[in-house]
Each structure stands twice: as structure tokens, then as C-alpha cells.
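Student: I am new to this structure and would like a close look at a single part of it. Could you take one strand and describe its pairing with its neighbours, and then comment on the confidence of the model?

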Amino acid sequence: MNNATYQFANDDDVPMFWDAIYHTLPKPLTLYVVQRFGDNPYGGTNIANVFSHQPQHFSSQQYPHQSQQFASQQFPQTHQPTFPEQPQDDFQRGDGGANLPDLNETPPDNESLDWEAQVKNDVDVAAEILGIPLNDDDDDDDDADVTNDEEDGIRNEFWGMPDPLPCPPLDVKPRTNLSYQPTSHVKLFQTFDSKKDLRLAVGLKCVHENFQVKVKKSDKERYEAVCVNDGCEWRLMAAVVEKGHAMLQVRRFHDVHTCSRTQIQANNRNATPQVLGHILKEELRDCRRIYRPHDIINDIGQRMNIGISYNQAWRGKMHALNLLRGSPESSFAQLPVYFHNLKKHNPGTVAEIALDPTGRFDMLFLALGCSIRSFREGLRPLLIMDGAHLKGDYVGSMFLAVGMDANNQICPIAMGVGKSESGQAWTWFLRRLRGCIGEPVNLTFVTDRAPAIELAIRMVFPNAHHGLCARHLVVNLRLTSKRDKTRKWMFWEACKAYKVSDFQATMDVMRHSLPDAAAYLEEVGYTRWARSLFPGLRYSSMTSNSAESINSITRFARYLPITMLVEFYRSTLQDWYFKRGIIAGKEQHLLTLWAQAKIEKRIRKSSNWRVYGISETEFEVHEGYKNAKVDLRERTCTCMQWQISGIPCGHLIAAVRTLNHTDCYQWASSYFTSDAYRRTWGYQVNPLPSPSEYELPLERMKVFPPSKEHRNSGRPRDRDRIPSRDEEPIVKRCSRCKQRGHFRGDCPEPMPAPSSLPGSSSRRNRSQNHSTHENENEEGDVYGTYNLAD
């Protein structure tokens with residue numbers, strides 16, 4: 001009968017073998033390990049004979065160390081004799097086999113067969129689970145193999161290792177699509193309206209999938225493109241659907257790249273302005289956004305994983321703007337149709353276009369009907385005007401005229417566009433403005449010191465008053481030094497003084513401290529900038545900052561084509577009339593919030609002033625060391641603040657307080673009431689339909705763009721403010737040589753020598769200077785000179 005044998009590499013493998021069998025089999029298993037006497041119990045490889053017919057002297061170990069009861073439960077038919085006493089060296093571990101059955105005792109025949117079959121079955125199951133091969137050879141062969149292995153000293157530590165896995169196949173990842181949107185721009189048998197559309201689709205595919213192509217052949221009937229890398233199988237061929245037609249169809253398209261992936265290109269050649277324009281147009285819808293080429297390069301690199309040059313980014317941005325806004329030439333041609341629909345949807349609107357003798361665009365004027373009615377019904381007779389430069393392809397100037405409402409807020413009245421801020425352009429603009437608002441009594445203009453504006457006002461509005469912007473004047477004073485800047489308050493105090501005596505006192509101080517500035521202001525004329533000497537009413541508007549604010553709002557809109565610029569102006573007024581109309585409708589007081597704040601401040605200031613009565617309508621008010629006389633019947637005060645500003649002064653408030661008046665709103669001008677505020681913003685600006693729904697006029701004017709003037713080479717400057725026409729330029733002056741025309745860093749004169757060397761005494765310097773003068777007198781002067789200081 002064959003016996004099942006297993007060879008262990010080490011004694012420590014036996015518990016591991018048992019632990020694996022015990023946790024794997026569904027029922028417990030008892031493992032008996034035997035070792036021949038005379039062998040080294042701590043080393044070498046041993047043969048475990050689970051059963052043998054020839055009884056020999058063995059020592060037995062049971063794994064794990066369990067009680068005799070466990071063994072009896074596994075083999076109930078087997079009696080449990082006592083093991084004979086064995087030497088301690090015969091045992092490797094455990095309790096010495098005191099409770100193990102004696103394998104030397106021959107069991108009965110029937111019981112022996114059952115016991116052998118059960119043990120052999122358990123060993124076979126465990127070996128099959130663990131993948132351990134069993135040796136079914138005869139005992140003689142096993143003993144011979146063991147003897148040979150032990151004699152040769154060979155130890156196979158890798159016996160029982162599973163076979164290695166087969167080599168996995170080569171798995172190379174295909175090209176991944178790095179785009180942020182689908183790339184199905186070109187398909188087989190797809191048709192395109194023109195070759196331009198086909199090239200755009202191919203370019204978008206190249207940019208989205210990060211590869212490059214080149215045109216192999218292109219003519220009127222065929223378009224063929226291949227990969228830029230030689231040897232690549234990617235190719236596309238399209239042909240016209242029918243001769244004489246521009247529609248093309250993709251006939252052949254092999255969309256598989258076989259080129260190397262290690263090639264590098266600096267900039268993607270297929271990122272043309274047309275391709276980049278379609279990608280960037282959504283980013284440029286907001287005209288207020290500053291989207292520079294460097295930002296475009298970074299965004300395209302992050303979104304598309306491609307590189308583009310600065311020139312590609314700039315041209316792509318320009319093409320995107322053309323897609324959104326249209327070309328400047330088409331914008332001029334669309335202007336008459338736009339004005340026709342603007343007049344239709346906004347009654348009372350005045351819009352005119354002037355052409356030059358060649359039929360090209362020259363001037364433009366626009367005043368919405370709501371703005372005209374607001375000025376006539378609710379605004380003070382005050383107009384603040386200024387111009388701003390256009391920054392598009394066709395340079396020019398934008399003219400603005402704004403008013404101030406009852407809440408001291410800006411209300412645009414009219415706008416215009418011309419080639420330059422010339423006298424002729426301003427005259428044409430003001431004539432159209434006079435046709436809208438007429439000639440109100442005591443009309444006042446506030447502008448900068450441009451001679452063109454002054455000439456136009458004298459010609460068109462001869463009875464109006466013209467005041468200069470105080471801010472432009474203080475810039476022309478050239479108070480650049482630190483000492484002069486600290487004395488700038490003198491100008492503003494003289495400018496804002498209400499009484500002539502206060503103005504004269506301040507100018508006397510200014511003539512002593514800043515003689516050059518005082519002389520310049522006298523040359524300009526006191527009546528043009530001083531509030532106390534102004535012949536009309538400026539209503540506290542001493543600067544043209546209101547018009548400058550509109551210029552700031554249109555800073556980015558002035559890059560747009562002319563039709564979009566006018567539409568931006570209309571949409572801005574639509575938003576203002578809507579929001580301020582709601583605010584005006586909620587006003588509950590008789591005066592506006594701005595007028596109430598002014599009066600409240602003057603009430604607190606005049607709370608401790610003393611009032612002395614003169615008559616029923618005349619009072620004398622003492623303001624510390626100053627006195628003022630108030631006449632309620634004539635509505636005057638000697639401080640002149642009430643008459644000039646239109647808001648009650650502190651002297652008037654102190655006088656009416658003695659009459660037990662609870663409110664002083666009746667003494668304020670009607671231009672600051674809530675009714676005037678509601679009349680100003682009580683209108684609406686209607687939007688226009690889409691351009692496809694415009695109504696075409698019966699007689700359509702043809703407007704061609706103006707001729708482009710020669711512009712300087714290089715990148716155009718982008719400065720926020722361009723000096724006015726009459727603004728004096730800054731004069732360069734060197735602090736070293738005191739000459740004009742350059743600064744100290746560019747001075748051509750040599751550095752002056754120091755008057756004395758370090759460590760030298762003053763007596764030595766005087767002796768050197770004395771000898772030098774004597775030599776010069778001997779050589780250049782016949783009679784000689786004497787230094788009286790010596």
C-alpha cells in the first residue's frame with residue numbers, strides 16, 4: 001500500500017501547515033508529525049510518514065497542542081494508550097507527547113484500515129488546497145531520495161512555489177482628448193458652405209485635440225490637408241459638391257495619427273485669428289473687461305494645452321471683437337437705420353448725421369426725448385460740457401453735455417461724435433443742442449479753458465454765461481514743489497468765496513505767497529472762475545467733474561464701433577431713468593435728500609448765532625466776529641450764499657428760528673424740490689429690437705467711414721487722460737544747470753567741482769582763490785582788480 005508523504009523544509013513549517021489546514025477545511029483535522037530517532041530535531045529536512053507497516057521508534061508531536069479529549073473525539077474507535085517515557089531530546093516542542101496516542105502499538109485490523117484511510121484522506125485534501133504535490137512512490141524510493149538529499153546537503157528553498165504568471169500584453173494608452181468640449185468638428189461626408197467654414201472646423205479640431213496639420217493642396221474645387229509630421233497617416237480631402245458651387249463635402253477622412261509623440265512645436269500653427277476668435281468671443285462680451293494678450297496666452301494654455309504667441313493672441317482678440325461687434329465700416333453703414341428705429345421707439349429724440357463733401361462721416365448728434373424733457377421741466381439752467389477721445393480704429397472725439405438734477409446727480413442731455421474738438425465741430429454740436437433746449441434765461445456753461453468751446457458758446461449762445469473749470473486751472477498753476485502744494489488751499493478758498501471781500505483778502509495773501517500763480521489767475525480773468533464775481537449762477541458747480549464722470553463711464557465703450565457706442569449711451573440712460581425714477585417716486589419730503597443734508601448741516605452750525613431784529617422782514621445775525629443782514633422780502637442775505645447756491649444759509653435759518661418757523665423748505669429754490677426730481681426722472685427709455693427686426697427707412701442715407709489718418713508706428717499709448725487743447729504742457733527744468741528743456745539726469749553739463757576738499761581749511765581755500773584771481777588778472781586784465789574781501 002502506498003503511503004502519503006510530505007517533506008518539510010523546517011520544523012517551523014509544521015505549525016504554519018496546520019494553521020492553514022485548520023482554517024481552510026470545514027471540519028477540524030489532527031496532524032501527526034513523526035521524526036526518526038537519531039536525527040537532529042533542530043535541523044535538516046525530514047520525511048513525515050503518516051503511516052508505516054514497519055513499526056519503528058518515533059517521537060510524536062501533535063499540532064496544535066490539544067488535549068487527549070480532542071484526539072478521542074476525532075478517532076472514537078481508537079484506544080488511547082500511554083506513551084512510553086522518551087528522552088527529552090526526542091521532542092522538539094510541546095509537552096513531550098504525554099497525551100498523544102502511541103503509534104508503535106499495532107491497532108486492530110479493521111480499526112487500522114479506517115484510521116489509515118481517514119488520515120490519508122485528510123492529508124490529500126490539505127495538500128490539494130495548498131497546492132502541495134504528494135509523493136506516492138514506495139517507501140524504499142522515498143528513503144533513498146531522502147538519503148541522497150541529506151548526503152548531498154542540497155536544500156530547495158523554492159520548492160512548492162506557484163508557477164509565474166504569463167507576461168501581460170503591451171497596453172499603450174491611445175491619444176486622449178484634452179479639450180473641454182466635444183471635438184466632432186469634422187466628419188466623413190459632412191458638407192460645408194464654403195472653404196472658409198471647412199478651414200475653421202479643421203482648425204478648431206486641431207486646437208481641441210492638440211495636433212497640427214498643413215495644407216497639401218487647395219484650389220477652387222478641392223481642399224486636402226495632412227498631418228504636419230511626415231509619415232503620419234492622418235489626412236483629409238474635401239471636394240466641391242458640384243462644379244461652380246462653393247459648398248464642399250468631406251470625401252476622404254482618416255482620423256488616426258501614426259506620428260511620433262515626442263515631437264515638440266513651440267506655437268500651434270492652426271491657432272489662427274479665426275479659430276481663436278471663435279474661442280474667445282464669449283470672454284469678450286463684456287466691454288468693460290480688460291483681457292490682455294498675456295492673459296489670453298495663459299487661458300488658452302490651461303484650457304487647450306497648446307502654446308500660442310503674443311501676435312496670435314492679439315489677432316485672435318481683434319477677430320473676436322469683430323465677430324461680436326461687427327467691423328467699424330459696417331457700423332457706420334448701419335448708423336442711419338439705427339437712428340431711424342431709435343426715433344420710432346423713443347418719441348422726441350433728435351438724431352442727426354453730418355457728412356463731408358465726399359460723402360464720408362463727419363459729425364453725429366444725439367439727444368433722447370426724455371433728456372430734452374427732463375432739462376426743460378426739472379433741471380437748473382446749467383450745462384457742463386467736455387470732450388473725450390475715441391480709441392477705436394477710427395479716432396475722433398466724443399462731445400458731452402450734462403446737467404444736474406434736484407438731488408445733485410448727473411443727468412446726460414446730449415452726446416455727439418466728431419473728428420476733433422475743433423471750433424467748427426463744437427459750433428455744429430451746440431447749434432443742434434440749441435434746437436433741442438432753446439435759450440433758457442440765465443443759462444450757464446461750465447467747461448475747461450479750450451478756446452474752441454469758448455468761441456462756439458459766444459456764437460451759438462451769446463446771452464449765456466461761461467465759467468471755467470477750477471480743477472483745470474489749478475493744474476495749470478504748476479504748484480509742483482512741496483511748499484507750493486501746501487498753499488494750494490489759497491486758490492480754492494478764493495474760488496469758493498461767496499463775498500467779494502473774502503475773495504480779495506485771500507488773493508492778497510496769494511499775491512504775497514504765490515506771485516506767479518496769482519498773476520496767471522489775474523490774466524485768465526476773475527469773473528470766469530471766482531464764484532463771488534461770476535455774473536451768472538453756477539449753483540455750486542465749480543468744476544466739470546460731472547462730464548468727466550461720464551467720460552470715465554465710457555472709458556472702455558470708446559473702443560467700440562460707433563453704433564455700439566451710441567447703443568451703450570442709450571442703454572446707460574435706460575438703466576438710470578429706471579432706477580432713479582423708482583427712487584424719486586418714493587420721496588416723501590418736500591426737498592431732496594441732498595438739499596436736506598445741506599440744510600441740516602447749516603442748522604447745526606447756526607444754533608448759537610445771535611439774531612437782532614431790524615423790521616418784520618429784516619434781521620441782523622452775528623456769527624462770532626462776522627455779521628450778516630437777512631431780508632426775507634427780497635430773499636437776500638449779505639453773505640451771498642443764499643442767492644448763489646439757492647439753498648438757505650445759516651443766517652436765514654437763524655433768523656426764521658426767531659419767528660418760530662418749524663421748517664425752512666419754502667426758502668429753498670424750486671430746483672431742489674422732490675417734485676422737480678420726479679419730473680426729471682419720470683420718463684422711460686425704450687429699448688430697440690434686434691437688428692434683424694429693424695424697420696428700414698424709405699430714404700436710406702449711405703454713410704461711409706471717415707478716411708483714416710496716418711498714425712504713428714508702434715503700439716498706441718493707453719493713458720487714461722489726454723491733456724486738453726489749451727492745457728499748458730509741463731516745462732522741463734534742470735535743477736543742476738537751471739536750464740529749460742531737460743532734467744537733472746539728462747543734463748549735458750559736467751558735474752561742478754566741490755568748493756573745498758575734505759579736510760582742507762578755509763584759509764587754504766582763500767589763499768588758493770586769491771592766487772587764482774591774481775593769475776587771471778595778470779593774463780586777462782590790463783589794469784588789474786583787487787579783492788576787497790581780503
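Tutor: In this predicted model, the bridge partner of Arg235 in strand β9 is His254. Strands here are DSSP runs of E with at least two residues, numbered from the N terminus. Strand β9 covers residues 248-254, and β8 pairs with it in the antiparallel sense over six bridges; two strands count as paired if DSSP finds at least two bridges between them. Strand β8 is also joined to strand β7 (residues 222-227) by five bridges, again running antiparallel. One bridge partner there is Ala238 in β8, which is matched with Tyr223.

As for its surroundings, β8 spans residues 235-240, and five of its six residues are buried, so the strand is largely enclosed by the rest of the structure. Buried means under 20% relative accessible area, exposed over 50%, and partly exposed in between, with a 1.4 Å probe and protein chains only.

Residues are numbered from 1 along each chain as its sequence is written. Local features need pLDDT of at least 70, side-chain atom pairs count only at pLDDT 80 or more, totals for chains, interfaces and linings use all residues, and side-chain values use heavy atoms, without hydrogens and water.

The pLDDT, the predictor's confidence in each residue from 0 to 100, averages 78 over the chain, with 70% of the residues scoring at least 70. Among the elements, strand β14 (residues 410-418) has the highest mean, 95, and strand β4 (residues 58-63) the lowest, 38. Over residues 33-107 the pLDDT is below 50, and this stretch has 129 contacts beyond near neighbours in sequence, a contact being heavy atoms within 4.5 Å.

How values were computed
Helices (H or I, at least four residues) and strands (E, at least two) are DSSP runs, numbered from the N terminus.
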